[in-house]
Every structure is written in structure tokens, then in C-alpha cells.
Amino acid sequence: MIETIKYTCSCCGKEHEEWPALVYISPTNYDTLSEEDKKNIGELDTDFCVIAHSDQTDRFIRCTLTQKVIDYCEDLEYGLWVSLSDKSFQDYSDNFNNENHETKYFGWLSNDLPDYDFSVGSIPTTVFTRTGNNRPEIVPHQDFDHPFVNDYYNGITKTEAERRIKEMLKTISNRDSKTTQRKPWWKLW
């Protein structure tokens, strides 16, 4: 018997049984800013984030990543952020409402996912825009040696995918049970 995972969607408030997408609502670079810096140098909406430091401006877009699950018919979906160059960010921004815009950009993964060590740096990715105003899909560079990249290309088990979902659900539940003014760094999509 296959165990279903039930969760209450943070967007619609309804209970679902299919796997939720694991979504980060902001890049790690934004999460680590002080509240004052978020107000003064940060800009964040559902698809774009800009952090204007005194010596540089960092630009991020929200994307999706599909993690293959090797022993199940459903894949695990992520909503992640990547940083782009000024030129790529401007092109993406200029074409954001263009339903036919298809291109690719180089980007750096900009979320620290549980179970992976990102202390040595970020992961290079290719960002593929999609028609129909769907969020871009990111693909990590296969030649980059990192456990996250290995899992992306080799897949993870259903047990591992469900463990990740349950951990995120547990974190959300713990966060929601505390009274805090802090904005959550991820949610279920």
C-alpha cells in the first residue's frame, strides 16, 4: 500500500494528497540580510529579487527544478532561485510577459537546500525559459562535482523524496506554530 502525504497548501489553504512542490520564496542572499537591509537595499516579489549593495547589485529570478524519482511515477518539484548576470536579468525582465520568449542563461543556484553542503559555493546551472509564461527550468551543470548534481542526474528514491517533503512539512508546521514576524524562507507550492 502506497502511503499518501497530505498537506495544507499555503497558497490556497486546501488539503492536497499529491506531492507538493518544495518552494523557496526568496534566495538565500536575501534571507541572510538584516531586516533593515531588506528594507533599504533589497527588493523582492514573487519572481524577481534585487539586492543593491554599495559595491555591486545582485539579481535573482525564480525558477523550477524537477528532481527525478527513480522508483516512482511522480517527480519531486522545486521552486528555486538563481542569480543571473546583469545582461541576462535585463533580457529576462524585458521579456517576462512575452509568451513566446525562449532562450537560456547561465545562472548560479541561490538556495541552500537541506541535506546538501553549500559551504564551498554555489552550483552552476543553465536556465531555460519556457513559452506560455511558465517559470524557467534550471538544470545543474553535469560536470560540477556536488552531491546535489549527482542526485539530479542519477535520481533519488521515493523514500528519499517523501522524507524531504515530510521534513519540509515539519519545518512549516513548527514555524507556523510559533508567533513570529519573520517571513518564511520557503513554502509549499
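This report looks at the overall build of a predicted protein model, then at two residues and some aromatic rings.

**Ground rules.** Residues are numbered from 1 along each chain as its sequence is written, and side-chain values use heavy atoms, with hydrogens and water left out. In this predicted model, local features need pLDDT of at least 70 and side-chain atom pairs count only at pLDDT 80 or more, while totals for chains, interfaces and linings use all residues.

**The whole chain.** The protein chain has five helices and 11 strands. These are DSSP runs, numbered from the N terminus: helices are H or I with at least four residues, strands are E with at least two. The chain has 189 residues, and 43% of them count as buried. Buried means under 20% relative accessible area, exposed means over 50%, and partly exposed lies in between (1.4 Å probe, protein chains only). The accessible surface comes to about 10700 Å². Carbon and sulfur atoms own 45% of that surface. Such areas come from the Shrake-Rupley method with a 1.4 Å probe; for residues, only the protein chains shown count as cover.

Now take contacts, meaning heavy atoms within 4.5 Å. Among contacts in the chain with a separation of 6 or more, 56% join residues 24 or more positions apart.

**Two loop residues.** The table places Thr 129 and His 101.

| Residue | Loop between | Relative accessible area |
|---|---|---|
| Thr 129 | strand S9 (124-128) and strand S10 (137-140) | 8%, buried |
| His 101 | helix H3 (86-94) and strand S8 (104-109) | 14%, buried |

What does the side chain of Thr 129 reach at 2.7 Å? The partner is the backbone nitrogen of Thr 103. The side chain of Thr 129 also reaches the backbone oxygen of His 101, at 3.4 Å. Both are polar contacts: pairs of N or O atoms within 3.5 Å. Within protein, one atom must be able to donate a hydrogen and the other to accept it, and residues adjacent in sequence count only if both atoms are side-chain atoms.

Leaving out residues up to four places away in sequence, Thr 129 touches several others, including Tyr 92, Tyr 105 and Pro 136. With its neighbours within four places set aside, His 101 is in contact with Asp 91, Asn 95, Thr 129, Arg 130 and Thr 131. His 101 and Asn 133 are 32 residues apart in sequence, yet their C-alpha atoms are 8.4 Å apart.

**Rings.** Rings of Phe, Tyr and Trp (its six-membered ring) pair if their centres lie within 6.5 Å; planes under 30 degrees apart count as stacked, over 60 as edge-to-face and the rest as tilted. The count is 10 aromatic pairs. Ring pairs join Phe 48, Phe 89, Tyr 92, Phe 96 and Tyr 105 into a cluster.
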